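Student: I have a model on the screen and do not know how to read it. Could we go through some features one at a time?

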Amino acid sequence: MTPPASLLLVLQVTRPCFTKHSFETFCQLATGMVAQTGRRTVTGMLTGAGLARVWPHRRAHAFFSEASWDPDQLGLRLARAVVEALLPANAPVLLVIDDTLVHRAGKKVFGALWAHDGSGRGKDKTGFGNTWVICALAVRLPFLTKPIALPVAARLWRGKATASRTDLALEMIHDLAQIFPDRPLHVAGDAAYHGKALRDLPVTCTFTTRLPAPSVLFALAPPRTGKRGRPALKGTRLGTPAQLAATAPSPRAAWPAGARAFTLTPR
């Protein structure tokens, strides 16, 4: 079967990420994912593409387990295509960071653990599965009144003893900053994304997040003086979120009562 010409034109931007054989498989699976009205599993994508009785199922499964392709490079090429097609020249790139729990079951599922599930039932809101940190491009389409988020990158969070979700988000931000060196990047994340890691933001990037009420902000550490002794690890005290909000000049928007959102900009 041949994918629709309009969809194939979009998929052509990912052609350098695959070999000839794997690109054919990718196109058919992508078509099946779009056409599938049920569960978008690997076999479900074959059914959506009308290939369930034409292809051996192993061909589809081997694309994810054995084929040589890089999901990061695929996401970066998609991000570049989205920005070139949907954003004006030199317009800032708006990124949204969040994480989601994909429920999984079984002792041999890689990276599965008990984690927070925002959509879970009960007061604990926990679930078992894979926690993915997602980076999406926020864009506006002419036929919609609200912006939409198009995922372009993801990282698997593997627990507290590994890289934090903020660290994983920062990796994706740096990757996207490299392919858009001439555009400012404005990133937004919820209260889970803050900490010392954000000191290493790219120079073209800002980061907006919600800070805990008792947190205290400091300026970046001053440059070393060359004198003896331990160098300063942080700059002057800026204050708590409430103190900064009370003294902020000309706020751009009226925040609801009790909200604490701040934007971090690189030095």
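**Reading the model, feature by feature**

Tutor: We start with a pair of helices; keep in mind that this is a predicted model. Helix H5, residues 71-86, packs against helix H6, residues 165-179, at an angle of about 50°, and their axes are 10 Å apart.

Student: Why are an angle and a distance given for such a pair?

Tutor: Two packed helices are described by the angle between their axes and the distance between the axes. Angles that are neither roughly parallel, roughly antiparallel nor roughly perpendicular count as oblique, and H5 and H6 are therefore oblique to each other. The crossing of H5 and H6 is right-handed.

Student: Which residues of H5 and H6 meet?

Tutor: From H5 come Leu76, Ala79 and Arg80, and from H6 come Asp175, Leu176 and Ile179. The residues of this contact divide into four nonpolar, no polar and two charged.

Student: At what angle do helix H2 and helix H4 pack?

Tutor: H2 (residues 20-35) and H4 (residues 57-65) pack at about 110°, with their axes 10 Å apart. An angle from 65 to 115 degrees counts as roughly perpendicular, so H2 is roughly perpendicular to H4. On the H2 side the contact is made by His21, Ser22, Glu24, Thr25, Phe26 and Leu29, and on the H4 side by Arg59, Ala60, Phe63 and Phe64. By type, the residues of the contact of H2 with H4 are five nonpolar, three polar and two charged.

Student: How many helices and strands are there in the protein chain?

Tutor: The protein chain has seven helices and nine strands. Its C-alpha atoms fill a box of roughly 70 × 45 × 45 Å, taken along the principal axes. Of the contacts in the chain with a separation of 6 or more, 55% are between residues 24 or more positions apart.

Student: What share of the 267 residues in the protein chain is buried?

Tutor: Buried residues make up 35% of them. To judge a single residue, compare its relative accessible area with the cut-offs: under 20% is buried, over 50% is exposed, and in between is partly exposed.

Student: Is Arg155 buried or exposed?

Tutor: Arg155 lies in strand S4, residues 148-157. Its relative accessibility is 13%, so Arg155 counts as buried. Its side chain is joined to the side chain of Glu171 by a polar contact of 3.2 Å. Leaving aside neighbours within four places in sequence, Arg155 is in contact with several residues, including Asp72, Trp132, Leu168 and Asp175. Asp175 came up earlier, as one of the H6 residues that meet H5.

Student: Where does Ser215 lie?

Tutor: Ser215 is in the loop between strand S6 (205-210) and strand S7 (217-218). Ser215 has a relative accessible area of 19%, and therefore is buried. A polar atom of its side chain lies 2.7 Å from the backbone oxygen of Pro212. Apart from neighbours within four places in sequence, Ser215 is in contact with Gly239, Thr240 and Pro241.

Student: How do I compare separation in sequence with separation in space?

Tutor: Set the two numbers side by side for a pair of residues. Leu87 and Val139 are 52 residues apart in sequence and 7.6 Å apart in space, C-alpha to C-alpha. Leu87 lies in the loop between H5 and strand S1 (93-103), and with a relative accessible area of 18% Leu87 is buried. Not counting residues up to four places away in sequence, Leu87 touches Val82, Pro92, Val93, Val139 and Arg183. For another pair, Ala188 and Ser6 are 182 residues apart in sequence, and their C-alpha atoms are 32 Å apart.

Student: What does Ala188 touch?

Tutor: Leaving aside neighbours within four places in sequence, Ala188 is in contact with Leu95, Val96, Ile97 and Thr208. Ala188 lies in strand S5, residues 185-189, and is partly exposed at a relative accessible area of 34%.

Student: Which backbone angle should I look at in Asn90?

Tutor: Look at phi, which is near 65° in Asn90, a positive value in a residue other than glycine. Asn90 lies in the loop between H5 and S1, and its relative accessible area of 60% makes Asn90 exposed. Lys125 is not a glycine either, and has a positive phi of about 50°. Lys125 is in the loop between strand S2 (113-116) and strand S3 (126-139), and at 31% relative accessibility Lys125 counts as partly exposed.

Conventions:
Residues numbered from 1 in each chain as written. Predicted model: local features only at pLDDT ≥ 70, side-chain atom pairs only at ≥ 80, totals over all residues. Heavy atoms only, no water. Axes fitted to C-alpha atoms, helices over the stretch in contact; angles between N-to-C directions. Helix = DSSP H or I, 4+ residues; strand = E, 2+ residues; numbered from the N terminus. Parallel < 35°, antiparallel > 145°, perpendicular 65-115°, else oblique. Left-handed = near helix turned anticlockwise from the far one by under 90°. Contact = heavy atoms within 4.5 Å. Nonpolar A, V, L, I, M, F, W, Y, C, P; charged D, E, K, R; others polar. Buried < 20%, exposed > 50% of the residue type's maximum accessible area, 1.4 Å probe, protein only. Polar contact = N/O pair within 3.5 Å; in protein donor to acceptor, adjacent residues only side chain to side chain.
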